[in-house]
Amino acid sequence: MIGYGSEDDNFVFELTYNYGLKHYVKGNDFRHICIQSPTPVENAKKSNWNIETVDGAVHVNDPDGYTFRILNKKEPEGKDKVMHVSLTCSNLSNSTDYWNKLLGMQIYYQTETEALLGYAENQCKLQLVRAGDGKPVDHAEAFGRIAIACPASELPAIESAVKDAGHKILTPFVSLDTPGKATVQVVILSDPDGHE
């Protein structure tokens, strides 16, 4: 796990290496991760990485081609430096309803083509962007998962609500033993476009 602080209080990335795989086919599902800090831009310049400015933000692609959208300004105080994760959706209304009405995220803004949702002002947000040209969301081989922490006591009700609404439960409520760490209880869900 890597991030700008403890996973209890910050958005963190879990990086995995799958032995034997040299390349993943990427789809259109993951758009970018947005970070507010001048440090990534400074580091990218020092390392001679390709930097592109798009709509006032700096875009840097990592070695595997994943895009990081950097807001090159002072880091926010009292807020996560990871501002949002941006995902493609095929139907913005259906996706927004899923994350807002079913999973309880509040809508920070919404237009005809995108929405920003989250649980708290100081936390990383979820940006949903409608796919252009009516294209479906393609996860290909390189998709990931967004994990959201909540008290374990809330998981059965979340699972039940998602199931009752006719959405997919990929992994029903289960306890996972993690060597060297506390046991974790999870439910793995799938939104209308298959984002986990």
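Visitor: What makes helix 1 a neighbour of strand 3, strand 4, strand 5 and strand 6?

Guide: In this predicted model, helix 1, residues 39-46, lies across strand 3 (30-36), strand 4, strand 5 (57-61) and strand 6 (67-71). Its direction is at about 140° to strand 4.

Visitor: To what sheet does strand 4 belong, and in which order do the strands stand?

Guide: The sheet is open and has eight strands in the order 4-5-6-3-7-10-9-8, with mixed pairing.

Visitor: Why are strand 4 and strand 8 said to stand at the edges?

Guide: Strand 4 (51-54) and strand 8 (106-110) each have a single partner strand, so one side of each is left without a neighbour in the sheet. From one strand to the next, the twist averages 25°.

Visitor: How do you know that strand 8 and strand 9 are paired?

Guide: Pairing requires at least two bridges. Strand 8 and strand 9 (residues 114-118) are joined by four bridges and run antiparallel, and therefore they count as paired. One residue pair can be named: Gln110 has Ala115 in strand 9 as its bridge partner.

Visitor: What makes the pairing of the sheet mixed?

Guide: Strand 7 illustrates both senses. With strand 3 it pairs in the antiparallel sense over five bridges, and Ile35 stands opposite Val82 in strand 7. With strand 10, strand 7 pairs in the parallel sense over six bridges, where Val85 stands opposite Leu126 in strand 10.

Visitor: Why is strand 7 described as mostly covered?

Guide: Eight of the eight residues of strand 7 (residues 82-89) are buried. A residue is called buried when its relative accessible area is under 20%.

Visitor: How do you know whether Thr96 and Tyr98 are buried or exposed?

Guide: The limit for a buried residue is under 20% relative accessible area. Thr96 has 3% relative accessibility, so it counts as buried, and Tyr98, at 2%, counts as buried as well. Helix 2 holds Thr96, and Tyr98 is found in helix 2 (residues 92-102).

Visitor: Which residues does each of them touch beyond four places in sequence?

Guide: Thr96 touches Lys101, Ile107, Gln110, Ala115, Leu117 and Leu128. Among these, Gln110 and Ala115 are the bridge partners mentioned above. Tyr98 is in contact with Leu103, Val162, His167, Leu189, Ser190, Asp191 and Pro192. The C-alpha atoms of Tyr98 and Ala165 are separated by 9.2 Å, although these residues are 67 apart along the chain.

Visitor: Why are Asn48 and Asp55 called exposed?

Guide: Exposed means over 50% relative accessible area. Asn48 has 69% and is therefore exposed; Asp55, with 71%, is likewise exposed. Asn48 lies in the loop between helix 1 and strand 4, and Asp55 in the loop between strand 4 and strand 5.

Visitor: What is noted about phi in these two residues?

Guide: Phi is near 60° in Asn48, a positive value in a residue other than glycine. In Asp55, phi is near 50°, again positive in a residue other than glycine.

Visitor: Which residues line the second largest pocket?

Guide: Asp55 is one of them; the others are Arg31, His32, Val54, His59, Arg69, Ser86, Glu114, Gln127 and Val129. Strand 3 and strand 10 (125-130) each supply at least two residues of this lining. The pocket holds about 180 Å³ of space.

Visitor: What makes up the lining by class?

Guide: The lining has four charged, four polar and two nonpolar residues. Val counts as nonpolar, so Val54 and Val129 belong to that class.

Notes:
Residues numbered from 1 in each chain as written. Predicted model: local features only at pLDDT ≥ 70, side-chain atom pairs only at ≥ 80, totals over all residues. Heavy atoms only, no water. Axes fitted to C-alpha atoms, helices over the stretch in contact; angles between N-to-C directions. Contact = heavy atoms within 4.5 Å. 1 Å grid on protein atoms, 1.4 Å probe; cavity = no way out; pocket = protein on both sides within 12 Å on 5 of 7 lines; lining within 4 Å. Points joined across faces, edges and corners; volume = space filled by probe spheres on them. Buried < 20%, exposed > 50% of the residue type's maximum accessible area, 1.4 Å probe, protein only.
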